[in-house]
Amino acid sequence: MPSFAYRKCTNLAEAFKLLKEDDRAVPLAGGTDLTVGIRGGKFRVGALIDIKDIPELNILLADRDGITIGAAVSLNRIISFGPIRENVPILAEACHCIGTYSVRNRATLSGNICNASPAADAAPPLYCLEARVNIAGPRKKRTVSIEAFFTGPGQTVLQQGELVTSVLIPRPYPAGKGVYLKGSRTGSVDLATVGVAVQRRGNEVRIALGAVAPTPVRAGSVENAVNKNGETDWAAAARLVRDDISPITDLRGSREYRYHLAEVLVRRGLEQVMEG
Ligand SMILES: Cc1cc2nc3c(=O)[nH]c(=O)nc-3n(C[C@H](O)[C@H](O)[C@H](O)COP(=O)(O)OP(=O)(O)OC[C@H]3O[C@@H](n4cnc5c(N)ncnc54)[C@H](O)[C@@H]3O)c2cc1C
């Protein structure tokens with residue numbers, strides 16, 4: 001394991017100061033991606049800036065704007081939070097697919113999106129829920145849509161010295177069922193070969209996929225067919241997902257298999273949410 005400094009922060013100002021002092025300093029939330037990446041040589045860091053005990057990043061609340069999930073909130077807290085289970089259960093379902101119980105005790109939603117794996121399980125539901133990502137830097141704050149947040153594999157709009165402070169699930173919450181379907185090599189702990197979120201909103205549907213493109217993607221062609229053209233043959237609608245994705249071959253599956261799996265999971269998702 002390479003050596004690096006470790007600093008624990010108790011407020012945001014301290015975190016920004018430490019991130020500025022060393023351009024190889026990186027935020028540490030749950031550490032479930034970061035520590036594995038450091039050990040494996042994927043990340044070279046000068047200092048880990050531990051943000052987990054910053055009170056502002058530990059908020060988890062539902063108010064008139066929606067549900068705000070602080071950047072240090074663990075996945076297990078998200079999964080058991082009443083307003084999430086009640087209003088946007090698809091998010092709890094996807095968070096529950098991540099790792100093991102002990103991983104979810106440390107891991108955060110913000111870490112999942114900041115790591116920017118195209119296979120991040122929390123991302124497709126966040127796309128369907130049109131989540132907003134709140135970002136802060138030493139001088140200014142900004143908010144971006146979840147779709148604008150991801151810019152490529154392992155890449156986001158975050159600039160050095162910036163932190164995600166929270167993710168907002170905005171109101172109105174979707175009226176209708178949502179499902180997250182994860183296809184992976186094993187039934188237990190593994191990244192998605194393909195992840196599909198399908199969320200009904202009244203008579204419309206939103207669909208997003210992970211692990212089939214450089215970033216998570218919305219299935220615009222399928223959504224158009226269902227929402228605008230009134231397609232109710234779910235198999236026919238699901239075939240259109242091929243136009244929305246550009247999968248690669250890797251150790252979790254071939255390009256052809258991912259096309260097939262995406263189509264199957266989109267069809268199953270449509271059947272489950274549109275016919276329920
Ligand atoms: C055994 C195991 C199984 C796993 N299984 C899955 C799985 O099934 N699905 C899945 O999607 N993932 C999986 N993961 C990956 C990981 O657990 C998740 O991505 C998790 O959500 C990461 O959150 P974290 O808080 O631990 O992030 P960290 O490791 O702390 O950080 C991840 C990255 O984000 C940056 N970062 C963290 N917080 C912020 C912030 N607030 N602002 C700016 N940058 C920030 C860090 O600097 C780092 O680059 C697994 C990991 C392990 C070890």
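Domain bounds here come from an automatic or database domain assignment, and the model they are applied to is a predicted one.

**View 1. Three domains along the chain, with a look at where domain 2 meets domain 3.** The assignment splits the chain into domain 1 (5-50), domain 2 (57-170) and domain 3 (178-274). Measure from centre to centre on the C-alpha atoms, and domain 2 and domain 3 come out 21 Å apart. Where they touch, 20 residues of domain 2 are in contact with 21 residues of domain 3. On the domain 2 side, helix 5 (89-96), helix 8 (123-128) and strand 8 (150-152) each put in at least two residues. Helix 8 is the top contributor to that side, with five residues. By residue type, the domain 2 side breaks down into 15 nonpolar, three polar and two charged.

**View 2. Zooming in on Ala 92 in helix 5.** Is Ala 92 buried or partly exposed? Ala 92 has 18 other C-beta atoms within 10 Å, so it goes down as partly exposed; the buried label would take 20 or more. Skip the neighbours within four places in sequence, and the contacts of Ala 92 are Ile 78, Ile 79, Ile 84 and Arg 85. Phe 81 sits 11 residues from Ala 92 in sequence, with 8.6 Å between their C-alpha atoms.

**View 3. The shell around the ligand.** Count up the residues around the ligand and you get 31, of which Ala 29, Gly 30, Gly 111, Asn 112 and Cys 114 come nearest. Two or more shell residues come from each of strand 2 (25-28), helix 2 (34-39), helix 6 (101-106), helix 7 (109-114) and strand 10 (163-170). Which element gives the most to the shell? That's helix 7, with four residues. Domain 1 and domain 2 each chip in at least three residues. As for chemistry, the shell residues sort into 19 nonpolar, nine polar and three charged.

**View 4. Asn 76 in helix 3 (residues 75-79).** Asn 76 counts as partly exposed because it has 17 C-beta neighbours inside 10 Å. Leave out residues up to four places away in sequence, and Asn 76 touches Arg 104 and Asn 105. For a sense of scale, take Val 264: 188 residues separate it from Asn 76 in sequence, and the C-alpha to C-alpha distance is 29 Å.

**View 5. Inside the largest nonpolar core.** This core has 82 residues, and the ones with the most contacts inside it are Ile 51, Ala 197, Ala 262 and Val 266. Helix 12 supplies the largest share of the core, six residues. Pick out Val 266 and, setting aside neighbours within four places in sequence, you'll find it in contact with Val 196, Val 198, Ile 207, Ala 219, Val 222, Ala 238 and Val 241.

**View 6. Helix 10 (residues 220-227) and its buried residues.** Four names to look for on this helix: Val 222, Glu 223, Ala 225 and Val 226 are buried. Why do they fall on the same side of helix 10? Because they cover an arc of only 165° around the axis. The general rule behind this is that an α-helix has 3.6 residues a turn, so residues three or four places apart point the same way. The packing partners of these buried residues are strand 13 (204-210), strand 14 (217-218), helix 11 (234-239) and helix 12 (255-274). Val 222 also turns up among the contacts of Val 266.

Key
Residues numbered from 1 in each chain as written. Predicted model: local features only at pLDDT ≥ 70, side-chain atom pairs only at ≥ 80, totals over all residues. Buried ≥ 20, exposed ≤ 12 C-beta atoms within 10 Å, placed from the backbone. Arc of directions from axis to C-beta. Contact = placed C-beta atoms within 7 Å. Near = placed C-beta within 6 Å. Nonpolar A, V, L, I, M, F, W, Y, C, P; charged D, E, K, R; others polar. Core = buried A, V, L, I, M, F, W, Y, C linked by C-beta atoms within 7 Å.
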